[in-house]
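Welcome, and thanks for taking a look. Here is a short briefing to help you find your way around.

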Amino acid sequence: MALGDSDHPADIDEDLHSRQLAVYGRETMRRLVASNVLVSGMQGLGAEIAKNLILAGVKSVTLHDESVVELWDLSSNFIFSEDDIGKNRAVASKPKLQELNNSVVVSSLTTRLTKEQLSNFQAVVFTDIDLETAIEFDHFCHMHQPPIAFIKAEVRGLFGSVFCDFGPAFTVVDFDGEDPHTGIIASISNDNPALVSCVDDERLEFQDGDLVVFSEVQGMSELNDNKPRRIKNARPYSFVLEEDTSGYSTYERGGIVTQVKLPKLLKFKPLKEALKDPGDFLLSDFSKIDRPPLLHLAFQALDKFLCDFGRFPVAGSEDDAQGLISIASAMNDSAGDAKLEDIYPKLLRSFAFGSRAVLNPMAAMFGGIVGQEVVKACSGKFHPLFQFFYFDSSESLPAKTEDVGDFSPLNGRYDAQISVFGSKLQRKMEEAKVFLVGSGALGCEFLKNLALMGVSCSHQGKLTVTDDDVIEKSNLSRQFLFHDWNIGQAKSSVAASAAKTINPHLKVEALQNRVGAETESVFDDDFWETLDVTINALDNVNARLYVDQRCLYFQKPLLDSGTLGAKCNTQMVIPHLTENYGASRDPPEKQAPMCTVHSFPHNIDHCLTWARSEFEGLLEKTPAEVNAYLSNPSDYSKLMIKAGDAQARDTLEHVLEYLDLERCETFEDCITWARLKFEDYFANRVKQLIYTFPEDAATSTGAPFWSAPKRFPRPLQFSTSDPAHLHFVMSASILRAETFGIPVPDWMKHPRKLAEAVEKVIIPDFKPKKDAKILTDEKATSLSSASVDDEAVIHDLIARLEQCRMNLRPGFRMKPIQFEKDDDTNYHMDLIAALANMRARNYSIPEVDKLKAKFVAGRIIPAIATSTAMATGLVCLELYKVLDGGHKLEDYRNTFANLALPLFSMAEPVPPKVIKHRDMSWTVWDRWIIKNNPTLRELLQWLQKKGLNAYSVSCGSCLLFNSLFPKHRDRMDKKVVDLAREVAKLEVPDYRRHIDVVVACEDEDDNDVDIPMVSIYFR
Amino acid sequence: MSSPSKRREMDLMKLMINDYKVEMINDGMQEFYVEFHGPKESPYQGGLWRIRVELPDAYPYKSPSIGFVNKIYHPNVDEVSGSVCLDVINQTWSPMFDLVNVFEVFLPQLLLYPNPSDPLNGEAAALMMRDKTAYEQRVKEYCEKYAKPEDVGAAKEEKSSEDELSEDDYASSDEEVMGKADP
């Protein structure tokens, strides 16, 4: 492509990594692509870390392990199969990890590491190393020039730890990954310190102590010097600037204030020092505030146990547990000031029992955390973990303690898991009937986790996974069960068969149905009633709300999770214990007001929104209207006449333009059209706008019309020597040609030839529409022109269309173009970026490159493998509780985490709201049942007896009865089920014996009472 | 506050209790029409509009979308589509507001105090800023031409005939209803 962006680095595959680029940006990706990483210890955790790094696209990953694959490893390592038992772990891992991303060099090392070998890497990760060697290696890395990032991570049963040392002076380039906050200035005082207020368009998000720079300030131009200044007293619409502005010029208008993010320097302690003086631990759960120091001790005690005995404590062995407790106790006694009051022997006992086991959910969670830390070490993006993190999920243990014999190995692939939870829970998991909704990024991770945990892996078990999507290239950077040869295939089928290779016992059925009201014949009552649990792996709120309603209705647990960039959250919905998903909601996303997008953009997002909607109008909607007309001219015309409004008139005008004046027959026609569009969009419309609202226009109150946040636009003067102008014409004419089925000639890709063709287009002079400026005495004439009957115009337009149709070749149709963001060669994003940038130029808004344009206009949700893996690990830790049954609310955890900060915040779920009326009480999980096929009157009387006055009854989104509609009184003696069938058009399947209605009631004192859904049995 | 599913019903009820003429399409609660009178002491006095109200799935967390069905000359209303660029609705909406607020406060405020600095109908805004008298004259002419009871009624008749149709359905046998079950 001759006119394409020239700034594509050849080394990043942007189609593959678009979702990840939206999180990291190009600079971080460039650094990642240059990094060599060592992952030592290829059990479950090592495999997860390596997977995340290979997906992220580092330069090379070296896998190190000196031992061979054991049956025990199959509980947590998704790479190994039973055939690999006896092979070296690193060697067995290499080929399958390599498949995830061919541009990463994956190699294996099977011999004892020397510290000198560490010099080959920018970051080294150890998942299975004794403390003495760790201290030696860390020292080497810490002192190395330049320092090598050292990470030690372990998962032992339901306990995990991470330690990071990125050297004595590590620079964090971007500590949170958020775009710098900005504000539009309304006034600045001449004062010491100065008060800056901003327009009340958007709340400011500055914090006290932030540094900011100013630009475009008129009047007090002294501030436009690009010097960072510190602020305080940050409020939603103002802040105080620590600067004496009393001697500066007076503020007039305009100005933008932008946060400056300065790099941060971190001084890491080496492991030896940090062990003694660990500093603040990163806390994840406020209900376990004293836990991290205890686990700091426990992990050191375990290391000593391993050194002393040369093996792990045996699950269920009270002697071994006691041995570990004694070591911990002795270490604690000699800890001096750091001595803990209580070492919780009971907790240490379960730590000892599970210590040999690497559990898949723990590996997934820590694989995400550690993978992210490696990315931070290599790129300086996001704030590193400083320096210890400890976590445990001891609440996942069965609610009733198992007898010790239950932990003994059965010589199967789940032995590690059995050693922690016992064989009884293992059986429950294998027999579970699970519904996994979605098999995208979260879904792939879940399938892997469930397969390894043995969920739905016996004959009684069944896992149903459904997803209506097919695999695209941009999925591959984190949906790791898919490979490039799967592109175009159904996600659920490919993922399910990949999960079966991980564990051949998995009983999985893959469906391609979207879950929603339209598939209730597939996911029918029988289906829901057999389920033990539903797991959401969805990417949108509406689908989540739907599944939530179904789970609520069928009283099934729902485990929900979601990610956004480095952030993730999990929410457990447990019947009767917790509130449901829909009970609390985030405020909807803020959209820019229409008028702003229309004529007064003040940031690039507004321009991109406009560009996207123009793209749709020009290339999709109008061509589709043209086809609708041509397919059935008489019906189409009748419809338009019937509508008879301004909108119908507008549509017809567009259709006529396309078939008459603007119809294209040759590629030159398309160029002419594109060139005239440029003139219309970026010159004439702006000229019209500033004609209507001149720069000095004032509102009725005398205030200047063009004041912040509005920006005064200037028309563009087209020039073939401006590559951006030419790029617009090129992409617009190519797409225009596509809608008319005109082949694109090769010559047009040469800028000079294209420019020559464009020069030939004759541009009529612009004459402003004077309508708005009419004087009072001319009013009579103006009104008649402004308000000609739409109907008359529509008739005229239809007549003209008829004539045009006669001149078309028979069977002529246009080809509407649907916006597709992920194809880099289709010119869609080229046109959108060009539209947006030319408009930005009109309004002196900074332009963006095609990649940024794609993120905004394509509404690309930033996504990375690390946070996804972590979310699914956390959910599976909860799954142990759900499938065990009998856990209390306080055992469950919801999580919000942001790997960028890093932040982990776990809390007990919120219980459902209890409603009381008279001596009754209920929650959203309850339902009332009325039998014997009642009439509407009988239903109302039944409620009346409970002291409830029902004023409205609805079924779905249809009203069956409302006391304010007189005509609804006639419905009183109809059976409710008949009303539902007739009014709400409800189709009741033959097997179902009831329908459900929502009733709005008041009590005796006219207070609204939120009653449960009412099930009406009619047969 | 009541659960979201019941909010639609309650908000509709409140509108009707406050004597608004609400017109539903086949008893559905997603989308309906409300008659709205131009506020007194404004050039819109005497005008009558049919307002299309759409409650999004996320209502009341998300604001209702509001459009004028018959024409109105107003700086903040798009002449072609009738959509309102209502910052007061879109930007300041909170689930605490309801439909009565929209018709008692938001819309009257909009007609009493148009905001020409954020115009959707630039021509109307410019005229209002330059020549208030001419602007008010134009508003009244539009009211005269497009916002009489007949204009609302004419459009309504069409709809109410549909409504009657649904009543026919209602009276007809199950078979026929089944045939039309999936519109």
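Gln688(A) is buried in this predicted model, because its relative accessible area is 17%, and buried means under 20%. Gln688(A) belongs to helix 20 of chain A, which covers residues 667-692. The points below start with its surroundings and then move on to other parts of the chain.

**Around Gln688(A) and helix 22**

- Setting aside neighbours within four places in sequence, Gln688(A) touches Phe766(A), Pro768(A) and Lys769(A).
- Helix 20 also appears in the packing of helix 22: the buried residues of helix 22 of chain A pack against helix 20 and helix 21 (723-740) of chain A.
- Helix 22 spans residues 751-759, and its buried residues are Leu754(A), Ala755(A), Ala757(A) and Val758(A).
- These buried residues lie on the same side of helix 22 of chain A, because they cover an arc of only 160° around the axis.
- Arg752(A) and Glu759(A) are exposed on the other side of helix 22 of chain A.
- A general point helps here: an α-helix has 3.6 residues a turn, so residues three or four places apart point the same way.

**Helices 17 and 19**

- Helix 17 (residues 604-631) and helix 19 (residues 646-659) of chain A pack with their axes 9 Å apart, at an angle of about 90°.
- Because of that angle, helix 17 of chain A is roughly perpendicular to helix 19 of chain A.
- On the helix 17 side of chain A, the contact includes Gly617(A), Leu618(A), Val626(A) and Tyr629(A), among others.
- The helix 19 side of chain A contributes Thr651(A), His654(A), Val655(A), Tyr658(A) and Leu659(A).
- Sorted by class, this contact between helix 17 and helix 19 of chain A has 8 nonpolar, 4 polar and 1 charged residues.

**Cysteines**

- How many disulfides are there over all chains? The count is 0.
- Cys551(A) shows why one cysteine stays unpaired: the closest cysteine sulfur, in Cys876(A), is 16 Å from its own, too far for a bond.
- Cys551(A) is also buried, with a relative accessible area of 0%.
- Cys198(A) counts as buried too, because its relative accessibility is 7%.

**Phe407(A)**

- Phe407(A) sits in the loop between strand 15 (388-392) and helix 10 (415-421) of chain A.
- Is Phe407(A) buried or exposed? Phe407(A) is buried, with a relative accessible area of 11%.
- Phe407(A) and Val39(A) are 368 residues apart along the chain, and their C-alpha atoms are separated by 31 Å.

Notes:
Residues numbered from 1 in each chain as written. Chains lettered and ligands numbered in written order. Predicted model: local features only at pLDDT ≥ 70, side-chain atom pairs only at ≥ 80, totals over all residues. Heavy atoms only, no water. Helix = DSSP H or I, 4+ residues; strand = E, 2+ residues; numbered from the N terminus. Buried < 20%, exposed > 50% of the residue type's maximum accessible area, 1.4 Å probe, protein only. Contact = heavy atoms within 4.5 Å. Disulfide = S-S within 2.5 Å. Axes fitted to C-alpha atoms, helices over the stretch in contact; angles between N-to-C directions. Parallel < 35°, antiparallel > 145°, perpendicular 65-115°, else oblique. Nonpolar A, V, L, I, M, F, W, Y, C, P; charged D, E, K, R; others polar. Arc of directions from axis to C-beta.
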